[in-house]
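User: Please take a close look at one part of this model, the sheet, for a reader who is new to the structure. I would like to see how its strands are arranged and how the surrounding parts of the chain relate to it.

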Amino acid sequence: MAVVQLRDIVTDEDRARALAVQRGPGQEHYVASVEKSFADAIESPEAAPRYWTVNDGDEVVGFVMISDGVPAGEIEADPTLIGPYFLWRLLIDERHQRQGYGTATLDALVAYLRDRPGAIELYTSCVPGDGTPQPFYERYGFVPTGRIEEDEVVLRLDLPRGDR
Ligand SMILES: CC(C)(COP(=O)(O)OP(=O)(O)OC[C@H]1O[C@@H](n2cnc3c(N)ncnc32)[C@H](O)[C@@H]1OP(=O)(O)O)[C@@H](O)C(=O)NCCC(=O)NCCS
């Protein structure tokens, strides 16, 4: 079973290693690049962006970005925002896909969210169609909410409750 660590992206070198994470052919339809994710994080501070590289030891195998606790007031002000906790981007490098790293990243996120206030569920959304990652999320336990946001299917994962 794969195990990963979520590492903060702090230095220019961390950033360069994150930017080297590549999608496979055709996957650009389903997930934006790391470069675009950095730009989105700067443009949308109200969505409470937080990102990490996904590491297997010293090797960077992917990139993940979440909305890490969007304030209720922001969600009320912008009904397209989903939260407070939303898995915004998940990319496992094409050379490392289908080796359990995507699942391990979800495990690491669930562990991280245990200590976050009010984290009772994690949302994500997927572009539907051939090659969509939706089955990957459903296999993990996400369920469709019935909501469609910007042509994407919104899914929800109930999080295990800690001592909150
Ligand atoms: C989707 C993604 C995150 C999955 O990560 P991964 O490390 O390849 O997934 P895992 O190895 O943990 O896969 C676990 C299971 O999920 C399923 N699965 C994985 N990717 C899938 C896909 N694209 N379509 C359908 N099922 C998929 C498989 O059943 C897989 O088990 P198997 O390899 O025994 O068949 C990764 O393929 C990826 O980054 N894809 C491109 C970007 C993307 O679509 N991101 C999601 C944005 S919403």
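Analyst: **The sheet and its setting**

Of the contacts in the protein with a separation of 6 or more, 62% are made by residues 24 or more positions apart. The model is a predicted one, and every value below is computed from it.

The elements come before the sheet. The protein contains five helices and seven strands. Read from the N terminus, these elements follow the order β-α-α-β-β-α-β-α-β-α-β-β. The radius of gyration is 15 Å, close to the 15 Å given by the globule rule for 164 residues, so the protein is as compact as a globular protein of that length. Along the principal axes, the C-alpha atoms occupy a box of roughly 40 × 35 × 35 Å. Of the 164 residues, 31% count as buried.

Now the sheet itself. In what order do the seven strands stand in the open sheet? The order is β1-β2-β3-β4-β5-β7-β6, and the pairing is mixed. At the edges are β1, residues 5-8, and β6, each of which pairs on one side only. From one strand to the next, the twist averages 35°. As a general point, strands of a sheet pair through backbone hydrogen bonds, in either a parallel or an antiparallel manner.

Three antiparallel pairings can be followed residue by residue. One of them joins strand β2, residues 49-56, to strand β3, residues 59-68, over eight bridges. Within this pairing, Asn-55 faces Val-60 in β3. Another joins strand β5, residues 121-126, to strand β7, residues 152-158, and here the antiparallel strands are linked by six bridges. Tyr-123 is found opposite Arg-156 in β7. Strand β7 also pairs with strand β6, residues 143-149, in the antiparallel sense, over four bridges. In that pairing, Glu-149 stands across from Glu-152 in β7.

The turn from β6 to β7 merits separate attention. These two strands form a hairpin with two residues between them, and Glu-150 in this hairpin adopts a positive phi near 50°. Asp-151 likewise lies in the loop between β6 and β7, and its phi is near 65°, a positive value in a residue other than glycine. As background, most residues other than glycine have a negative phi. Is Asp-151 buried or exposed? Asp-151 is exposed, because only 8 other C-beta atoms lie within 10 Å, where exposure requires 12 or fewer.

The loop that leads into β2 offers a further case. Ala-48 is placed in the loop between α2, residues 34-43, and β2. Its phi is near 50°, again positive in a residue other than glycine. Ala-48 is buried, because it has 20 other C-beta atoms within 10 Å, and a residue counts as buried at 20 or more.

The loop that leads into β4 carries a special peptide bond. Gly-83 and Pro-84 are joined by a cis peptide bond, with omega about 10°. Pro-84 is located in the loop between α3, residues 72-77, and β4. In general, most peptide bonds are trans.

After the edge strand β1, the chain enters another loop. Thr-11 is placed between β1 and α1, residues 12-19. Thr-11 is exposed, because it has 9 other C-beta atoms within 10 Å. The C-alpha atoms of Thr-11 and Ala-104, which are 93 residues apart along the chain, are separated by 24 Å.

The sheet also has a part in the surroundings of the ligand. What supplies at least two residues each to the shell around the ligand? Strand β4, residues 85-92, does so, together with helices α4, residues 101-113, and α5, residues 134-140. The ligand is surrounded by 20 residues, and the closest are Gln-97, Gly-102, Thr-103, Pro-133 and Phe-136. By class, this shell comprises ten nonpolar, seven polar and three charged residues.

One residue of helix α4 may be added. Asp-107 belongs to this helix and is partly exposed, because 16 other C-beta atoms lie within 10 Å, a count between the limits of 12 for exposed and 20 for buried. The C-alpha atoms of Asp-107 and Ala-41, 66 residues apart along the chain, are separated by 23 Å.

Terms used. Residues are numbered from 1 along each chain as its sequence is written. This is a predicted model: local features need pLDDT of at least 70, side-chain atom pairs count only at pLDDT 80 or more; totals for chains, interfaces and linings use all residues. A residue is near a molecule or strand if its C-beta atom, placed from the backbone, lies within 6 Å of it. Ala, Val, Leu, Ile, Met, Phe, Trp, Tyr, Cys and Pro count as nonpolar, Asp, Glu, Lys and Arg as charged, and the others, Gly among them, as polar. Two strands pair if DSSP finds at least two bridges between them. The radius of gyration is taken over C-alpha atoms; the globule rule is 2.2 Å times the number of residues to the power 0.38. Two residues are in contact if their C-beta atoms, placed from the backbone, lie within 7 Å. Axes are lines fitted to C-alpha atoms, for helices over the stretch in contact, and angles run from 0 to 180 degrees between N-to-C directions.
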